[in-house]
Structures are given as C-alpha cells and as structure tokens.
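Please work through the exercises below with the sequence and the coordinates open side by side, and try each task before reading its solution.

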Amino acid sequence: MELFERPQGGENAILVQVSFKSAKSAQDENEFIELARSAGAAVVGFIKGSRQNPDPRYFVGEGKAEEIRQLRELQDANLVIFDHNLSPAQERNLEKLLQCRVLDRTGLILDIFAQRAQSHDGKLQVELAQLKHLTTRLVRGWTHLERQKGGIGLRGPGETQLETDRRLIGERIKQITKRLEKVQNQREQGRQSRKKAEIPTVSLVGYTNAGKSTLFNALTQANVYVANQLFATLDPTLRRVKLPNQREIILADTVGFIRHLPHDLVAAFRSTLQETIDADLLLHVIDSHDDQLELYREQVNKVIAEIGAEHVPQIEVMNKIDLGGQEPHIEVGTGTNPTRIYVSASNNLGLEALLEYLGEYFAGTIFKGTLTIKPQHARLRAKLYTDKAIQQESVTETGDFSLEVSIDQRRLEQYLREENLSLDDL
C-alpha cells in the first residue's frame, strides 16, 4: 500500500527553514537540502526566517507566507517543504494560500523511508508510521469526505465518508501491528538462539550517512547497499564476523539516526532497533571530518536513550580519517569518556586494530554462575530477567533468590554498580 504518489521525474520544491530564539541548537541547512534531495525533490528555492514562536495560522508570519507564495509562483514549484513539524491546520492553511502541496519534516522523512524500505517488515513499519501520521490529516483538502455516503450498498448507519476512512485506517493499523508482532517474535527467537550459542551481538549505530554500511561491508565482505545519501540503509542486516582470537560476533547494521526523528517512526521501527537494544556492544560510527560531529553525537545518544538502549556499552568509531589526514589509532576510554578507534572504512585503514580490540573486548567476557539476590535487590533481578540472563531460579529457605545466570561480564558489573553492589555481596 503506497500512501504517497510520487512523480517519476521528481518535484520542484521550495524549502522553508525558520530559526526560533528558544531553540537550543541551530538548524542544519545542508542536512535539510540533502533530505529533500534524498526524497527526489529538485530544490529551486530556499527561504529562511526567524521568529520568537511559530504562528498558529501559517507557522511563519503572514509576510513570510506571502514571500513563499511569490517565490513558488516565480519558480513554478509544485511542492513546499518545511524543516519543522506542522499541525494539520497549518498544513491546510498553507496549501490553501500557496495553491500547492505542503510537506513538513515528518512527512518528508516518511517519504524517504517509503522509498528505501526493501524487506517485507520494513515496508510494514513504514506503512504503520505513515498511517499514524495520516490519521491526523484526513480532513486536508478533502471537503467531499464530510458528506454522507450515498448510493446502493454504500449507505451506512449515519457514517460519513471521513468516519469510514478513519475506521478503515484504524483497522489497517491493527492488522499491521499484529503482523509486526509476529516478525518481532521471529526475531526474538533468533536472538535467543544466538544468546544460547553465546555469540555476542555488536550493533552499528550512528548519524545517517556517517559510513556505517561502508564499515559493515569492509568488516564482513557483505554487499550492503551504500550511497552518499541520507537513510541509504533502512532494513537491518546481520552477518557473522570472525575475530583474530577465533571468537565470532554477530555484526548488525541498522538505520541511521537524525535530528528530530519522528516519534511514530521510532515507535514503528522499535522491532528493527531491537538489535540495538539487545546488543552486547554498540559501535557508534561518527564522521570525524564533520564540523557538526558534537551535535550529531548528542542526537544519536538521545535516540539511543529514547529506545531504551542507553545501558549498552559503547565504543566510538571515528570514521573517514582519510579526509582529515589522520592516522589510525586507538584512544582508550577513561571515566565517562568512551574508547575511540580512528579508522577509514572506505580505505581499510585501522580496521585490523578495530577487530583486534573487539577480540580483546569479548575474550572471556561471559559470566556463568549462581547469584544469590536478597528481596530488597529485586531491581537487579528484574534487570537480569529483562536481559534474559536467568537460566534457572529457585528460592532459598531464607527467602532469597538463587539464580543461575549467563551474562556478559561487563553488563553484569554495570548492573551491580547501579545497585551499589559487588559480586562479593551475592
């Protein structure tokens, strides 16, 4: 089911970006242009502005809205894209004034995702996010939908066409959610079998276009699609990688993150991002040559926290060092600073050192044994259950929990630190 009709030759688009004094970070003009181009738009105009707060009617002020209208007519553009989330009313008002289609940031990202999804469940997840976004915008420009249905076989018990559409979309959302639950269960079985085989999972995360798929291909000799565009990878890909110490890991390539990632997308792609949540280690790939790397690092960590993966240990892979003339090297982390490994995935620089470091990281890191947990430390027990680390449980005569566990040593130590405990206490 395709919710967006896309002309074959792309569309002429005017881009609109407004900076607000209350915003903590500046808007990224280049990223916005790249997003529009990734969706297939030909950018024929860019309008910037600044305001204290969004205007309730047009998001921008009336003067700026008129400026957009004049530029649209001058450039004969058939699409205006805002680098912000618009309310349904603002979208309708703008479309009426500008006499063309208006798209907000969420709609733009959804459109890119619709083009990129390849797998069956990837397409389902995109459709789910599209439908949730569409339900708030059903009245847009569709005045005929407010009428009662008419005609033989079409008359319902007082239901308007708009209500019918809402009901049908609601039913489709339920249907997709059920199918995605099945996919999630199948993925969960795969994760469980990997846990039993004690094969650690390492998940590549990072800002979109940081070079994750290039690194994935270089480490696995896979042939994952790589392009210099945003969201080139949408569906997760998993491959086995043999480390220098003969140990194997599962490497997962995942969707790139971006500023203001729509909440519906985060929710819809939870099953895809589950590989990140359940990983034993995150390789946070960063474009070391990008002048906004600090902002991008912050945004990625924000999404990681949003999906509930902030507890997973993280190593930063500083990619594209060839662009800055740096040599491959490793900075071992101290305190809250993560370990940083400097590489160039496209030129195969520093990759052997990365694999050796992973070999050392996972050498003998599985803790297997019995833990005795007192009732007052039930939070630790809950975390172990969430991690699916408990293989067997019994209750002692004193009411304590005796747990047979198999868990990554570092993860266990982290949980113990969070509860102010040590192994000697258990």
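The exercises that follow go from the whole chain to its sheets, its helix packing and two single residues.

The model is predicted, so local features need pLDDT of at least 70 and side-chain atom pairs count only at pLDDT 80 or more, while totals for chains, interfaces and linings use all residues. Residues are numbered from 1 along each chain as its sequence is written, and side-chain values use heavy atoms, with hydrogens and water left out.

**Exercise 1. The whole chain**

Count the helices and strands, and find the share of buried residues.

Solution. Begin with the DSSP runs, where helices (H or I, at least four residues) and strands (E, at least two) are numbered from the N terminus; the protein comes to 13 helices and 14 strands. Next, take buried as under 20% relative accessible area with a 1.4 Å probe and protein chains only (exposed is over 50%, partly exposed in between), and buried residues make up 50% of the 426 residues. Finally, with contact meaning heavy atoms within 4.5 Å, residues 24 or more positions apart account for 68% of the contacts that have a separation of 6 or more.

**Exercise 2. The four-stranded sheet**

Determine the strand order of the open sheet of four strands and say which strands are at its edges.

Solution. Two strands pair if DSSP finds at least two bridges between them, and on that basis the order is β2-β1-β3-β4, with parallel pairing. The edge strands are β2 and β4, each of which pairs on one side only, and the twist from one strand to the next averages 20°. As a check on the pairing, β1 and β2 run parallel and are joined by 10 bridges, with Ala-13 opposite Val-43 in β2. Now add the helices, with axes as lines fitted to C-alpha atoms (for helices over the stretch in contact) and angles from 0 to 180 degrees between N-to-C directions: α1 lies across β1, β2 and β3 at about 145° to β2, and α2 (residues 62–75) touches the three strands β1, β2 and β3, its direction making about 165° with that of β2.

**Exercise 3. The seven-stranded sheet**

Find the strand order of the sheet of seven strands, and explain why β6 and β10 each have one side without a neighbour.

Solution. The open sheet has the order β6-β7-β5-β8-β9-β11-β10, and its pairing is mixed. Because β6 (237–242) and β10 (330–331) stand at the edges with a single partner strand each, one side of each is left without a neighbour in the sheet. At the β10 edge, β10 pairs with β11 in the antiparallel sense over two bridges, and Ile-330 has Ile-341 as its bridge partner in β11.

**Exercise 4. Two helix pairs**

Describe how α1 packs against α4, and how α7 crosses α11.

Solution. For the pair α1 (residues 29–38) and α4 (residues 105–116), the axes are 9 Å apart at an angle of about 45°. Angles under 35 degrees count as roughly parallel, over 145 as roughly antiparallel, 65 to 115 as roughly perpendicular and the rest as oblique, which makes α1 oblique to α4. The contact of α1 with α4 divides into six nonpolar, two polar and three charged residues, where Ala, Val, Leu, Ile, Met, Phe, Trp, Tyr, Cys and Pro count as nonpolar, Asp, Glu, Lys and Arg as charged, and the others, Gly among them, as polar.

For the second pair, the axes of α7 and α11 come within 11 Å and cross at roughly 75°, and the two helices are therefore roughly perpendicular to each other. Here Leu-215, Ala-218 and Leu-219 in α7 meet Leu-351, Leu-354 and Leu-355 in α11, so that the contact of α7 with α11 has six nonpolar, no polar and no charged residues.**Exercise 5. Two single residues**

Decide whether Leu-103 and Ser-344 are buried or exposed, and list what each touches beyond four places in sequence.

Solution. Leu-103 lies in strand β4 (residues 101–103) and, at 10% relative accessibility, counts as buried. Leaving out residues up to four places away in sequence, Leu-103 touches Leu-79, Val-80, Ile-81, Phe-82 and Leu-108; the C-alpha atoms of Leu-103 and Leu-79, 24 residues apart along the chain, are separated by 7.5 Å.

Ser-344, by contrast, is placed in the loop between β11 (340–342) and α11 (351–361), and with a relative accessible area of 1% Ser-344 is buried. Its contacts, apart from neighbours within four places in sequence, are Asn-319, Lys-320, Ile-321, Asp-322 and Leu-349.
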